[in-house]
Amino acid sequence: MPEPESHESESAAYNVGAGIANVFYIPGKVLLCGVGGAVGIFILIISIGSAPRPAAYFAREGCGGKWVLTGDDLRPDDAHYRAFDWEDSKY
């Protein structure tokens with residue numbers, strides 16, 4: 001059973017990793033949102049307003065979802081966790 005201190009330090013490591021990832025993630029998200037909005041507006045212009053759903057799709061795809069990562073976002077899910085070969089060995 002892991003000690004509480006190791007769990008806290010592991011959590012802190014994921015939070016630090018999330019902070020570093022946010023340096024790239026947030027500007028990338030802003031870029032995707034801006035490009036998606038511009039493409040949506042372009043679709044509305046060339047379709048003369050007759051295609052609002054595809055235009056909204058592009059904006060929603062870029063601007064939707066999380067904007068800031070947390071340590072829990074980087075932590076692997078227990079259900080999807082697969083041990084490496086050397087971790088499963090019974091030698």
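Is Ile20 buried or exposed? In this predicted model, Ile20 is exposed, its relative accessible area being 52%. Because the cut-off for exposed is over 50%, this residue falls in that class at 52%. I shall return to its surroundings after an outline of the fold.

Good morning, colleagues. The protein has 91 residues, of which 15% are buried. Its secondary structure consists of four helices and zero strands, and along the sequence the order reads α-α-α-α. The surface exposed by the protein is about 7400 Å², with carbon and sulfur atoms contributing 66% of that area. As for the contacts with a separation of 6 or more, 68% of them join residues that stand 24 or more positions apart.

Let me turn to helix H1, which covers residues 4-46 and contains Ile20. Together with Val16, Val23 and Phe24, Ile20 makes up a nonpolar patch on the surface. The accessible area of these four residues together is about 440 Å².

Further along helix H1 we come to Gly36. How is Gly36 classed by its accessibility? Gly36 is buried, at 7% relative accessibility; the class applies because buried means under 20%. Which residues touch Gly36, once neighbours within four places in sequence are left aside? They are Phe58 and Ala59. For the first of these contacts there is also a backbone distance: the C-alpha atoms of Gly36 and Phe58 lie 4.8 Å apart, although 22 residues separate the two in sequence.

Ile41 is another residue of helix H1, and here the class is exposed, with 53% relative accessibility. From the C-alpha atom of Ile41 to that of Ala59 the distance is 8.9 Å, across 18 residues of chain. Ala59 thus appears twice in this account, once in contact with Gly36 and once in this distance to Ile41.

Next, the disulfide. The count for this model is one disulfide, formed by Cys33 and Cys63 with their sulfur atoms 1.8 Å apart. The pair connects distant parts of the chain, Cys33 belonging to helix H1 and Cys63 to helix H2, with their positions 30 residues apart. The link is right-handed, with 85° about the S-S bond. How do the two partners, Cys33 and Cys63, stand in accessibility? Cys33 counts as buried, at 19%, whereas Cys63 counts as partly exposed, at 27%. Cys33 is placed in the buried class because its 19% satisfies the limit of under 20%.

Between helix H1 and helix H2, the latter spanning 52-63, there is a loop that holds Ser47. What does the side chain of Ser47 reach? It reaches the backbone nitrogen of Ala51, at a distance of 3.3 Å. Ser47 is itself buried, with a relative accessibility of 18%.

My last residue is Asp72, in helix H3, which is made of residues 71-74. Asp72 is exposed, at 58% relative accessibility. Where does Asp72 stand with respect to Ala18? Their C-alpha atoms are separated by 8.6 Å, while along the chain the two residues are 54 apart.

To close, I would recall three points. The model has four helices and zero strands. Cys33 and Cys63 form a disulfide that joins helix H1 to helix H2. Finally, to come back to the opening question, Ile20 is exposed and takes part in the nonpolar surface patch with Val16, Val23 and Phe24. Thank you for your attention.

Definitions and conventions: Residues numbered from 1 in each chain as written. Predicted model: local features only at pLDDT ≥ 70, side-chain atom pairs only at ≥ 80, totals over all residues. Heavy atoms only, no water. Patch = residues over 30% accessible without salt bridge, like charges linked within 9 Å, V, L, I, M, F, W, Y side chains within 5 Å. Areas by Shrake-Rupley, 256 points an atom, 1.4 Å probe, with all protein chains shown as cover. Salt bridge = Lys/Arg side-chain N within 4 Å of Asp/Glu carboxyl O. Helix = DSSP H or I, 4+ residues; strand = E, 2+ residues; numbered from the N terminus. Buried < 20%, exposed > 50% of the residue type's maximum accessible area, 1.4 Å probe, protein only. Polar contact = N/O pair within 3.5 Å; in protein donor to acceptor, adjacent residues only side chain to side chain. Disulfide = S-S within 2.5 Å. Contact = heavy atoms within 4.5 Å.
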